[in-house]
Amino acid sequence: HEIIKFANLSANAGLQLEADLLIGAGGTVFSNANAYIGVGNGNTAVSAAHTDLQGGSKTRKAMSVTFPSRASQTLTWQSVFATGDANYSWEEMAVFNASVAGTMLCRALVAAPFTKTSALSITATYTRTVS
């Protein structure tokens with residue numbers, strides 16, 4: 001069982017939704033019921049203008065039971081990719097508020113791309129500190 005953590009560039013659409021949620025202007029929250037970590041095989045440079053993963057192969061997984069969570073000013077999202085999930089080259093990761101479409105909060109290239117196989121179960125964790 002492997003654990004992967006990733007840093008990110010916030011997506012413009014994600015930042016705009018955060019602002020709307022903060023002022024009560026509406027939108028879909030990134031809660032346990034509808035938050036997903038997505039992985040893909042795209043290696044296009046990260047851009048704040050992106051609204052989805054860039055690769056041809058993409059997989060989104062729902063949150064683990066107690067995620068997302070907050071401790072002080074740190075928010076954490078976590079999803080488990082089981083042995084049968086996303087068995088291809090992992091080059092990018094992102095956080096979304098829907099299983100398809102929705103708003104992408106952030107996107108990052110994987111620091112050390114690798115090919116996931118059915119021999120691996122991976123826990124992907126995204127941590128964001130608000131300061």
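The following exercises, each with a worked solution, concern a predicted model.

**Exercise 1. The largest pocket**

Determine which residues line the largest pocket, and which elements each supply at least two residues of the lining.

Solution.
1. The space in the largest pocket is about 230 Å³.
2. Its lining consists of Glu-18, Leu-21, Phe-30, Pro-68, Ser-69, Leu-75, Thr-76, Trp-77, Leu-105 and Val-130.
3. At least two lining residues come from each of helix 1 (12-22) and strand 6 (74-81).
4. Strand 6 provides the largest share, with three residues.
5. By chemical class, the lining comprises seven nonpolar residues, two polar and one charged.

**Exercise 2. The nonpolar cores**

State which residues of the largest nonpolar core touch the most other members, and identify the elements that give two or more residues to this core.

Solution.
1. The largest nonpolar core contains 21 residues, and those touching the most other members are Ile-37, Trp-77, Trp-90, Met-93 and Val-95.
2. Two or more residues are given to this core by strand 3 (36-40), strand 6, strand 7 (89-96), strand 8 (104-115) and strand 9 (122-129).
3. A separate second core has five residues, among them Leu-53, Ala-94, Phe-96 and Met-104.
4. As background, nonpolar side chains in soluble globular proteins tend to be buried together.
5. Trp-77 links this exercise to the previous one: this residue belongs to the largest nonpolar core and also lines the largest pocket.

**Exercise 3. A peptide bond**

Establish whether the peptide bond from Phe-67 to Pro-68 is cis or trans, and locate Pro-68 among the elements.

Solution.
1. Omega for the bond from Phe-67 to Pro-68 is near -5 degrees, and the bond is cis.
2. Pro-68 occupies a position in the loop between strand 4 (58-62) and strand 5 (69-71).
3. Pro-68 is also one of the residues lining the largest pocket.

**Exercise 4. Positive phi at two alanines**

For Ala-86 and Ala-101, give phi and the loop in which each residue lies, then decide whether each is buried or exposed.

Solution.
1. Ala-86 is not a glycine, yet its phi is positive, near 55 degrees.
2. Ala-86 belongs to the loop between strand 6 and strand 7.
3. The relative accessible area of Ala-86 is 7%; the buried class is under 20%, so Ala-86 is buried.
4. Ala-101, likewise a residue other than glycine, has a positive phi of about 55 degrees.
5. The loop that holds Ala-101 runs between strand 7 and strand 8.
6. The relative accessible area of Ala-101 is 56%; the exposed class is over 50%, so Ala-101 is exposed.

Terms used. Residues are numbered from 1 along each chain as its sequence is written. This is a predicted model: local features need pLDDT of at least 70, side-chain atom pairs count only at pLDDT 80 or more; totals for chains, interfaces and linings use all residues. Side-chain values use heavy atoms; hydrogens and water are left out. On a 1 Å grid over the protein atoms alone, a cavity is a set of points where a 1.4 Å probe fits but cannot get out, and a pocket is an open set with protein on both sides within 12 Å along at least five of seven lines; lining residues have an atom within 4 Å of a point. Grid points are joined across faces, edges and corners, and a volume is the space filled by probe spheres set on the points. Helices (H or I, at least four residues) and strands (E, at least two) are DSSP runs, numbered from the N terminus. Ala, Val, Leu, Ile, Met, Phe, Trp, Tyr, Cys and Pro count as nonpolar, Asp, Glu, Lys and Arg as charged, and the others, Gly among them, as polar. A nonpolar core is a set of buried Ala, Val, Leu, Ile, Met, Phe, Trp, Tyr and Cys residues joined through side-chain atoms within 4.5 Å. Buried means under 20% relative accessible area, exposed over 50%, partly exposed in between (1.4 Å probe, protein chains only).
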